[in-house]
Amino acid sequence: MAPFKKEKPLHSILAGTTAGAIEAFATYPTEFVKTRSQFGGKREGPITIIRETLRTKGVTGLYSGCSALVVGNAVKAGVRFVTYDHFKGLLADSEGKVSAPRSLVAGLGAGMTEAIFAVTPSETIKTKLIDDAKRPNPQYRGLIHGTVSIVKTEGILGIYRGLFPVMMRQGANSAVRFTTYSTLKQFVQGVARPGQTLPSTITFGIGAIAGLVTVYTTMPLDVVKTRMQSLEAKAQYRNSFHCAYRIFTEEGILRFWTGTTPRLTRLVLSGGIVFTVYENIIRLLDGREITE
């Protein structure tokens, strides 16, 4: 295992925020479909949601709440990479190496941090905008108006609804994703291309596999998160545990994997796009890679 090289925080932030913004916009329709499918009530398949949205709202309907996710995803990715790099630096051994378990802990820490500072507010606003958009007469006119309205009616805690499941999901997301990515990357570099910089196609493939693993291991947390951030959550659920209990007892265990297909599509593409864009920007900034 190669020694860990600590990246400059400013470089991590610049590369991370750019990668996050590009990935969010490119994959947003899959996020829209995933979120819509996870709301309570009548079950709708991905194709039905897309067809109905295009019929009633047009192509722009598939981008309802997009601005909230793009901004949040940019901040999230910046926070994720800089904190992951920081935690890996703290957990590296005397030889500068970071084992898979320590990488897992670093990813968990990065995920918890991003959940507090970026993901929960942006995800809550995005979810409420999507939920509101399917109403006959939507009350939110966009990101700014929606955010102001939510804060005005629910207070600052209104954009932090679902913090616990978001922290659990993001911690698990980052832990699984970074560990899978780092382990696969080290394996490929050690066996197939020792001492060489990996081309973007291989980086994309490794990132996509990391996204695939992440989806199936964290899907239940994502469903609970979406329900807790919906417009009706306050009236239906006392807390995240009560939400999970009601889903399990009233809708069955398979409901926890609702939205897997669109989320799988997004995270596979996301993993490839984010890591590829990130590492290419890092190379442009200082001529070397970050995740060693």
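Biologist: How many nonpolar, polar and charged residues are in the lining of the largest cavity?

Modeller: In this predicted model, that lining holds eleven charged residues, seven polar ones and three nonpolar ones.

Biologist: Which of the lining residues lie nearest the centre of the largest cavity?

Modeller: Lys76, Arg80, Asn173, Arg266 and Leu267 lie nearest the centre, out of 21 residues that line the largest cavity.

Biologist: Which elements give two or more residues to that lining?

Modeller: Helix 1 (9–38), helix 3 (66–91), helix 6 (163–191), helix 7 and helix 10 (260–286) each do so.

Biologist: What volume does the largest cavity have, and how many cavities are there of 30 Å³ or more?

Modeller: The volume of the largest cavity is about 200 Å³. The count of cavities of 30 Å³ or more comes to two.

Biologist: Let us turn to pockets. What is the volume of the largest pocket?

Modeller: The largest pocket has a volume of about 220 Å³. It is lined by 14 residues, and Ser64, Gly65, Ala133, Tyr140 and Gly142 are the closest to its centre.

Biologist: Which helix gives the largest share of the lining of that pocket?

Modeller: Helix 4, residues 100–133, gives the largest share, with three residues.

Biologist: And how many residues of each class are in the pocket lining?

Modeller: For the largest pocket, the lining has six polar, five nonpolar and three charged residues.

Biologist: A different topic: where does Gln229 lie?

Modeller: Gln229 is in the loop that runs between helix 7 (200–228) and helix 8 (233–236).

Biologist: Is Gln229 buried or exposed?

Modeller: Gln229 counts as buried because its relative accessible area is 0%, and the cut-off for buried is under 20%.

Biologist: Which residues is Gln229 in contact with, leaving aside neighbours within four places in sequence?

Modeller: Gln229 is in contact with Thr120, Glu123, Thr124, Thr127, Lys128, Arg161, Gly162 and Val166. With Thr124, the side chain of Gln229 also makes a polar contact of 2.9 Å.

Biologist: Finally, which residues does the "repeat: Solcar" annotation cover?

Modeller: According to the unreviewed UniProt entry, that annotation covers residues 7–90, 101–187 and 198–284.

Biologist: What is the helix content of residues 101–187, and how far apart are the end C-alpha atoms?

Modeller: Residues 101–187 are 80% helix and 0% strand, with the end C-alpha atoms 16 Å apart.

Biologist: What about residues 198–284?

Modeller: Over residues 198–284, the chain is 80% helix and 0% strand, and 15 Å separates the end C-alpha atoms.

Definitions and conventions. Residues are numbered from 1 along each chain as its sequence is written. This is a predicted model: local features need pLDDT of at least 70, side-chain atom pairs count only at pLDDT 80 or more; totals for chains, interfaces and linings use all residues. Side-chain values use heavy atoms; hydrogens and water are left out. Helices (H or I, at least four residues) and strands (E, at least two) are DSSP runs, numbered from the N terminus. Buried means under 20% relative accessible area, exposed over 50%, partly exposed in between (1.4 Å probe, protein chains only). A polar contact is a pair of N or O atoms within 3.5 Å; within protein, one must be able to donate a hydrogen and the other to accept it, and residues adjacent in sequence count only if both atoms are side-chain atoms. Contact means heavy atoms within 4.5 Å. On a 1 Å grid over the protein atoms alone, a cavity is a set of points where a 1.4 Å probe fits but cannot get out, and a pocket is an open set with protein on both sides within 12 Å along at least five of seven lines; lining residues have an atom within 4 Å of a point. Grid points are joined across faces, edges and corners, and a volume is the space filled by probe spheres set on the points. Ala, Val, Leu, Ile, Met, Phe, Trp, Tyr, Cys and Pro count as nonpolar, Asp, Glu, Lys and Arg as charged, and the others, Gly among them, as polar. UniProt positions are given in the numbering used here, feature names are shortened, and annotations may be inferred rather than shown by experiment.
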